[in-house]
Amino acid sequence: MLYKENSLRVLFFILKRGQLKMVVILKPKTSTEEINKLTRDLESKGVTVNPVIGTELIILGLVGDTSKLDPCYIEANPYVERVMHVQEHFKKANRMFHPEDSIIDVNGNTIGGRKISVIAGPCSVETEEQIITVAKDVKKYGASFLRGGAFKPRTSPYSFQGLKYDGLELLKIAREQTGLPIVTEIMSPYDIEVFNENVDVIQVGARNMQNFDLLKELGKTNKTILLKRGLSATIEELLMSAEYIMAGGNENVILCERGIRTFETYTRNTLDLSAIPAIKKLSHLPVIVDPSHAAGKWWMVEPLAKAAVAVGADGLIIEVHNDPQKAWCDGQQSIKPELFSNIMDDLRIIAEAVGREI
Ligand code: PEP
Ligand code: MN
C-alpha cells in the first residue's frame with residue numbers, strides 16, 4: 001500500500017500518544033472531493049481529522065472529543081466502509097489489521113475462500129460399523145470432513161458421555177478408510193496432547209467457549225480449532241474467545257454459529273443468521289454454521305443450511321446418522337444420508353448463486 005508518508009507518520013504519532021479516538025475507513029477510490037466533504041462535516045462537529053490516503057485504503061484518524069459523534073450517522077455515508085473506536089478489544093481476529101479473508105488449510109482441505117466446506121457425521125461415535133458407514137456415505141455425497149463426538153458434553157450426568165479414547169480410535173479408522181479429516185470435541189485441557197496427536201480439527205463446544213484455560217492451552221498448539229459460539233454469547237464474546245487462542249500464537253481458528261438461547265422454545269436454539277455477515281465484517285476468520293444444533297429438529301436442517309450458504313457462511317457442520325431413531329445422542333436433529341445427499345445438491349445451486357462453490 002502506498003501512503004502519503006508524512007500523513008501516516010502523523011497518524012502513528014497521535015496513535016502512540018493515545019490521542020486517536022476514532023478511525024473512519026473509507027471505500028477505496030473515494031474521490032478527493034468526497035474525502036474533503038466528509039472531513040469538513042466531521043470538523044464542524046469539533047474533532048480534528050487526520051487523513052491517510054493509500055492506494056487500497058483511505059483512513060481518517062479522528063482526534064479530540066468524539067463523544068458527540070454517532071458512528072451510525074458516519075456509516076450512513078455511502079463512501080464509508082467502517083467506523084471504529086480505537087480501543088478495539090480484539091486484535092488478531094480483527095479484519096482491520098488483516099483485511100483479507102483467512103483461508104485455513106487442514107491437510108490440503110481448505111476452509112474459507114471461495115469453496116464452502118461441509119463437515120458431516122453423527123453427533124457421537126457409537127460403533128465401528130456406525131462411524132464407518134456414515135463416513136463413507138457423507139464422503140460419497142460431498143462432505144470434506146467427518147465429525148463425530150467421542151467426549152460428549154451432556155446436560156445430564158446419566159446420559160451417554162461418549163466412548164472417549166476408544167471413540168478417537170474409531171474416528172481414526174474411519175479417517176483411514178475414507179481419507180476424511182476428523183473433527184471432534186475436546187472437553188478438558190488434560191486431553192490436548194492426545195487430540196494434538198490424533199485429530200485434524202479440534203472442536204471447542206458451545207459450553208466451553210469461555211473455558212479460558214482450555215483456550216489458552218489450544219493457543220499453544222498449531223492445530224485448527226473449530227470454536228463454537230456459546231449458548232448465550234455475544235458476537236464480540238465469541239471473537240474475544242478466538243482472540244485467546246490467537247494471542248497464544250495459533251491463528252488457525254474457525255468460528256461456528258450454532259444458535260443462541262432466546263425466549264423461543266419451539267426450536268432448540270435460535271439460529272442467528274445475522275451473525276454471519278456481522279462476523280465477516282468484523283473479522284477475517286472463516287465462519288461456519290451448525291443448523292443441526294440450532295434447530296434441534298431434523299426437518300429444519302435443510303432450510304437453515306440453505307439460508308446459511310445464502311448469507312455467506314464459509315461452511316456447514318451437519319449431524320448425519322444412518323439410523324437417527326436409534327442414535328445414542330441427538331437423533332431428533334440428525335438427518336439420514338439420503339437427505340444429506342439431496343441437501344448437498346441444492347446447496348451447490350445456492351453456492352453458485354452467491355459466487356461460491358461446494
Ligand atoms: C456437538 O457439536 O455435538 C455439540 C455438542 O455442539 P454444541 O457445543 O454447539 O452444543
Ligand atoms: Mn449433537
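Reader: What percentage of the 358 residues in the protein is buried?

Author: Good place to start! This is a predicted model, in which local features need pLDDT of at least 70, side-chain atom pairs count only at pLDDT 80 or more, and totals use all residues. Residues are numbered from 1 along each chain as its sequence is written, and side-chain values use heavy atoms, without hydrogens and water. With buried meaning under 20% relative accessible area (1.4 Å probe, protein chains only), the buried share is 53%.

Reader: What is the radius of gyration of the protein, and why is the protein called as compact as a globular one of that length?

Author: The radius is taken over C-alpha atoms, and the globule rule is 2.2 Å times the number of residues to the power 0.38. For 358 residues that rule gives 21 Å, and the protein comes close to this value, so it counts as equally compact, with a radius of gyration of 23 Å.

Reader: At what angle do helix α8 and helix α9 pack?

Author: Helices here are DSSP runs (H or I, at least four residues), numbered from the N terminus. Axes are lines fitted to C-alpha atoms over the stretch in contact, and angles run from 0 to 180 degrees between N-to-C directions. Helix α8 covers residues 235-247 and helix α9 residues 275-282; their axes lie 11 Å apart, at an angle of about 50 degrees.

Reader: Which residues of α8 and α9 make the contact?

Author: Contact means heavy atoms within 4.5 Å. From α9 come A275, A278, I279 and L282, and from α8 come I235, L238 and L239.

Terms used
Chains lettered and ligands numbered in written order. Helix = DSSP H or I, 4+ residues; strand = E, 2+ residues; numbered from the N terminus. Buried < 20%, exposed > 50% of the residue type's maximum accessible area, 1.4 Å probe, protein only.
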